[in-house]
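These are my comments on the model you sent, set out as numbered points. Please read them alongside the sequence and the coordinates.

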Amino acid sequence: MTHRPLMADQTLFRDPDLFEADRLPEVFNHRDTQLEDLAFALRPALRGTRPLNTVLRGTPGTGKTTAVRLLFAEIEETTRRVVPVLVSCQAERTAHAVFTRLFTSLFGHPPPTHGASSQRVLSGVGHTLAGRGAVLVVCLDDANYLAPKGVLNDVLARILRLHESCPGARTGVVMTDSSPDTDLSRALDPATRSVLQASEILFPPYTAEEVRGILADRLRAGVYPGVVPPAALDLVVGRTVACGDSRVGLRLLKEAVLHAERAGRTAVEAADVEAAFAVARHARLAAGVEALAPLERTVLSVLAGMAERGEETTSGRVYEAVSAIEPMSYTMFFERLKRLEALHLVATRQRKKGQGRTREIVVREGVGDAVAPVPAASSGTSVKCPAGVADDEKRRYETGQE
């Protein structure tokens, strides 16, 4: 069957921007409880007092950042006594970068590029807050990216204790964490934990029916009727649930409609969804790799190199190969590996080894194209475990008993 190409001025979209991940939805379904809990935590700020510090936990694409952005937008429309600031910790990975972001949001321009230390920048923020009688509410989005090298501890301590150097300044913090296995408290010293005292709000993964509802809402407003038939939507929902990230579904819908449009058809077919999934998956993997911390990228690169060469990728073998490049304890290696699992960049499976069992690490399809594999070391000698290795934890992990 030949298809009549769409005319140059024809499109299947009503509003293509509705399929962008950063577009706030008109209706935010399936997160009423989480919104109510977060609103309760922020409500004291509307009365001029410190809000309740809060951690939002859940895998990527479960609505954490959207919930914060919706409430922050409502606050900005309601009052000028509260200054809400969203900081992307994937982009702002130093204390100075975070404080610069606060300064810019408060004053409308960045601080001077020369002579403005972190303390001076934050002091300017604190004195202005005190003078205006305003409350600063900071969302550290993906706060776990600040955990290495004590950055998160430094940022939280200085923000939450700002009233000590700037009397009258009132501040509160919301943190999102997309890696549920991460224990942010381990990155904080006791003094910071005592002043933080954060409550937690959990964002569970969306069910298949919830994903369908979210995507169907965008389709009704974003494309013309009949463009995405039920069978095509079923494919998109299945792919989205498998990835565990609702943002993949939005990208997949947009790419599938564009693919049909380029082919001159007025309805999406299964082939459009599959072609779009290849594009969306590559973009998602590339974004995930780009956001990795240096040690996480090292672990993934070594693992990808071993997989490419067909080498055994049990946890013990991979740990030895990683330690040959970047010496670390097994505890540190284990934490980096769990982060890669949470981002769906690797998977693990148990298999028999002799009379026991061991755990094999598998690089997910397409990851090797998004990361530069590390070549084999010139020396064939194994590396001894450095001091501080958690041997018991290593054994538990390799036998699946963690």
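**Comments on the predicted model**

1. The secondary structure of the protein consists of 16 helices and 7 strands. As this is a predicted model, the points below describe what the prediction contains. Of the 402 residues in the protein, 47% are buried, and among contacts between residues at least 6 apart in sequence, 73% join residues at least 24 apart.

2. On confidence, the mean pLDDT of the protein is 85, and 89% of the residues score at least 70. Confidence is highest in strand β3 (residues 135-141), with a mean of 97, and lowest in helix α16 (residues 391-398), where the mean is 49. Over residues 378-393 the pLDDT is below 50, although the model gives this stretch 18 contacts beyond near neighbours in sequence. Residues 397-402 also stay under 50, and for them the model has 23 contacts beyond four places in sequence. I would ask that any description of these two stretches carry their pLDDT values with it.

3. The largest pocket holds about 1400 Å³ of space. Its lining is made up of 50 residues, of which A21, D22, G61, D245 and R247 are the closest to the centre. The elements that contribute two or more residues to this lining are α2 (64-78), α8 (208-222), α10 (246-262), α11 (270-290) and α14 (330-342). Sorted by class, the lining of the largest pocket has 22 nonpolar, 16 charged and 12 polar residues.

4. Is S118 buried or exposed? With a relative accessible area of 17%, S118 is buried, because the value falls under the 20% cut-off. S118 is found in helix α4, which covers residues 118-132. The side chains of S118 and H96 are joined by a polar contact of 3.0 Å. When neighbours within four places in sequence are left aside, the residues in contact with S118 are H96, F99 and R158, so that H96 appears both in this list and as the partner in the polar contact.

5. T128 lies in helix α4 as well. T128 has a relative accessible area of 22% and is therefore partly exposed, since that value lies between the 20% and 50% limits. Apart from neighbours within four places in sequence, T128 is in contact with L106 and F107. The C-alpha atoms of T128 and F103, which are 25 residues apart along the chain, are separated by 9.9 Å.

6. F28 is placed in the segment before α1. F28 is buried, because its relative accessible area of 13% is under 20%. Which residues are in contact with F28, leaving aside its neighbours within four places in sequence? They are L35, G63, T66, A67, L70 and Y206. For one of these residues, L70, the C-alpha atom is separated from that of F28 by 8.9 Å, with the two positions 42 residues apart along the chain counted as their separation.

7. Two residues other than glycine deserve a check of their backbone angles, as each has a positive phi. H30, with phi near 70°, lies in the segment before α1 (32-46) and is partly exposed, at a relative accessible area of 35%. Q197 has a phi of about 45° and lies in the loop between α7 (190-196) and β5 (199-202). Q197 counts as exposed, because its relative accessibility of 65% is over the 50% limit.

8. Lastly, L295 has its place in helix α12 (residues 294-308). Not counting residues up to four places away in sequence, L295 touches E326, M328, M332 and R336. L295 and E326 are 31 residues apart in sequence, and their C-alpha atoms are 8.0 Å apart in space.

Methods: Residues are numbered from 1 along each chain as its sequence is written. This is a predicted model: local features need pLDDT of at least 70, side-chain atom pairs count only at pLDDT 80 or more; totals for chains, interfaces and linings use all residues. Side-chain values use heavy atoms; hydrogens and water are left out. Helices (H or I, at least four residues) and strands (E, at least two) are DSSP runs, numbered from the N terminus. Buried means under 20% relative accessible area, exposed over 50%, partly exposed in between (1.4 Å probe, protein chains only). A polar contact is a pair of N or O atoms within 3.5 Å; within protein, one must be able to donate a hydrogen and the other to accept it, and residues adjacent in sequence count only if both atoms are side-chain atoms. Contact means heavy atoms within 4.5 Å. pLDDT is the predictor's confidence in each residue, from 0 to 100. On a 1 Å grid over the protein atoms alone, a cavity is a set of points where a 1.4 Å probe fits but cannot get out, and a pocket is an open set with protein on both sides within 12 Å along at least five of seven lines; lining residues have an atom within 4 Å of a point. Grid points are joined across faces, edges and corners, and a volume is the space filled by probe spheres set on the points. Ala, Val, Leu, Ile, Met, Phe, Trp, Tyr, Cys and Pro count as nonpolar, Asp, Glu, Lys and Arg as charged, and the others, Gly among them, as polar.
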